[in-house]
Amino acid sequence: MGGWWEDLVGYQVYVPSFLDSNGDGWGDLPGVTSRLGYLADLGVGLVWLSPFHPSPFADHGYDVADYRSLNPRLGDLADLAALLEEAGRLGLRVLMDLVPNHTSSAHAWFTDALTGPGAAHRDWYIWRPPGPGGGPPNNWVSRFGGPAWAFDQASGEYYLHLFAPEQPDLNWRNPAVAAEFDDIMAHWLDFGFSGFRLDVPHVVLKHPDLPDNPEVPAERVRPDVRGATEWGRFEHLYDMDQPDLFDLYRRWQAITAPRGAMLLGEVNITEPARLARYTDGGGLDAVFWFGLIEQLWEPERLPPALVGPAGTVPGLAWVLSSHDRPRAPTRYGGAPAGRRRSLALAALTVGLPGFPFLYQGDELGLEDIDVPADQVQDPLVLWGGATYARDRARSPHPWAPGPGLGFTTAPQAWMPLGQREPSETVEAQVADRGSLLHAYRELFSLRGAEEDLRRGELAWVSSSAPLLSYRRGSTAVAANLGPGPGEVPLPPGRWQAVYRTDRSATGTGHEGRVPVAPEHVVVLKTLP
Ligand code: GLC
């Protein structure tokens, strides 16, 4: 069950905000290389690098202008080769972020397509004449707000963009597009990547007839953690999750599998049975689980978000934060409660089938920063798709106290640094054995040492909030997510506490139940 990734802890490096090695205010690949040792010390085994290709940065690099070269601001091919070499030396695997759904409007394929209906690359994108009464061809909306169609004056046709207008969607029903991406994938795997984090792979194929999506009745529309969205007003029957996606993934799998590489999909579907289709023979090896990242601190809503997918969806990557959502400590009520709760959830999920995946800064308990409205760069807000600016979760990593936070020597970073306390920096947390950074390190080192936490058979002991516990082979995890003290049920037998998120003494034996402090978690091992 599961591939090599299930033994590893993943970590998302947001390259422009990780470490600036040349003082231009931008994080870069040599910066990442110089701190891979930090990730290895944390217990990370799998690193996902956010996009580093040439890009006008209309969507922070998710608008790729050339899939085979590098954004000079972030580094060159020699820098990337050096990064992969150092990763290999440290025993780390690296995933490239592959954005197959859309290119940048500055990509040569699209500029060619714009020259007219006869262009060689015209059919690489999705063009349609105006709808019956004029206006867009159907009612689809962009994830970033407004219609998903942009009008091209010159040809009188619309092109589809499920994200920003600067991100035209590729036409994956054109075999030339699929063939080109086969080649791109093989190219980067041969360069040394261990696979891909696939950007929104569930939307790459649309229903061939592009029918209107039904509207969700107003009373059923729910804002997500980023505020009310127009996207949420529709049932996305035809612009995502199409049945023939799986044939496409199997085609990709034929490129990755023989090389021992993996496909990790950013599939934002939170119904476990629907999501399971992607990894249970559907061609992807792993998928991020969005069930937790879409929640605030609501312990009563946790069981379905944990028990539902665990063991049902193969290849789950358990995430609490990303560059697209408010950071977990912010969603969970801010420091200090938010930090305590984030660590508790990290520990609660550490032994669930799948593997943990951190976003840079999770290990420091970072909260979102404030970004003044006139400094917001996020197209999600600029186009009116949501009220939450993702810039807030994308600020530079605080390496050390001081003006540039050890991130940059430039007077100004590409993104505001925010107000970070000295105690939030890597330097301070490395030096303090009681820090959150050490709590994460110890947790992951335990996961590495206890094979059963990764591979043992899962059995829930208590699956109703606020007391949750499960057994995984010779190990068990017990959580008290309530506001008061709790006695969490244990599996039969005698158990010894080996890790506590409250950092109190371990080694005590328990039978039947284990006392757990409010919003804390204990990991235990069977005693003979
Ligand atoms: C994914 C990325 C996000 C980006 C979007 C469009 O969701 O994580 O940052 O805006 O795809 O590429």
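In the predicted model, Phe57 is buried, with a relative accessible area of 11%. This residue belongs to the loop between β2 (46-49) and α3. Its phi is near 65°, a positive value in a residue other than glycine.

A positive phi is also found at Glu519, where the angle is near 60° and the residue is again not a glycine. Glu519 sits in the loop that links β16 (509-516) to β17 (520-527). Its relative accessibility is 6%, and the residue therefore counts as buried, the limit being 20%. When neighbours within four places in sequence are set aside, the contacts of Glu519 are Trp297, Arg340, Arg341, Ala344, Asn480, Leu481 and Gly482. With Arg341 there is a polar contact between the two side chains, at 3.0 Å. Trp383 lies 136 residues from Glu519 along the chain, and the C-alpha atoms of the two are separated by 38 Å.

His107 occupies the loop between β3 and α4. At 5% relative accessibility, His107 counts as buried. Residues up to four places away in sequence not being counted, His107 touches Val64, Ala65, Asp66, Tyr67 and Tyr125. For one of these contacts, Ala65, the separation along the chain is 42 residues, while the C-alpha atoms of His107 and Ala65 are 4.1 Å apart.

Helix α5 covers residues 175-191. Its 17 residues should span 24 Å at 1.5 Å a residue, because the expected span is counted over one less than the number of residues. The C-alpha atoms at the two ends are 25 Å apart, which agrees with that expectation. The buried residues of α5 are Val177, Ala178, Glu180, Phe181, Asp182, Ile184, Met185, Ala186, Trp188 and Leu189. An α-helix has 3.6 residues a turn, so residues three or four places apart point the same way. The buried residues of α5 pack against the helices α3 (77-90), α4 (108-113) and α6 (245-256), and against the strands β3 (93-98), β7 (195-198) and β8 (262-265).

Both ends of α5 can be described further. The N-terminal end is capped by Asn174, which has a side-chain oxygen 2.9 Å from the backbone nitrogen of Ala176. Asn174 itself is part of the loop between β6 (157-160) and α5, and it counts as buried at 11% relative accessibility. Outside its neighbours within four places in sequence, Asn174 is in contact with Asp123 and Trp124. Just after the helix, Gly192 adopts a positive phi of about 135°.

Two packed helices are described by the angle between their axes and the distance between the axes. For helix α10 (residues 337-349) and helix α13 (residues 436-449), the axes come within 11 Å and cross at roughly 5°. The angle is under 35 degrees, so α10 is roughly parallel to α13. On the α10 side the contact is made by Arg339, Ser342, Leu343, Ala346 and Ala347, and on the α13 side by Leu436, Ala439, Tyr440 and Leu443. By class, the residues of this contact comprise 7 nonpolar, 1 polar and 1 charged.

Two cis peptide bonds were also examined. One runs from Ala335 to Pro336, with omega near -5°; Pro336 is in the loop between α9 (328-331) and α10. Another runs from Ala465 to Pro466, with omega near 5°, and Pro466 lies in the loop between β12 (458-464) and β13 (467-472).

Notes: Residues numbered from 1 in each chain as written. Predicted model: local features only at pLDDT ≥ 70, side-chain atom pairs only at ≥ 80, totals over all residues. Heavy atoms only, no water. Helix = DSSP H or I, 4+ residues; strand = E, 2+ residues; numbered from the N terminus. Buried < 20%, exposed > 50% of the residue type's maximum accessible area, 1.4 Å probe, protein only. Contact = heavy atoms within 4.5 Å. Polar contact = N/O pair within 3.5 Å; in protein donor to acceptor, adjacent residues only side chain to side chain. Axes fitted to C-alpha atoms, helices over the stretch in contact; angles between N-to-C directions. Parallel < 35°, antiparallel > 145°, perpendicular 65-115°, else oblique. Nonpolar A, V, L, I, M, F, W, Y, C, P; charged D, E, K, R; others polar.
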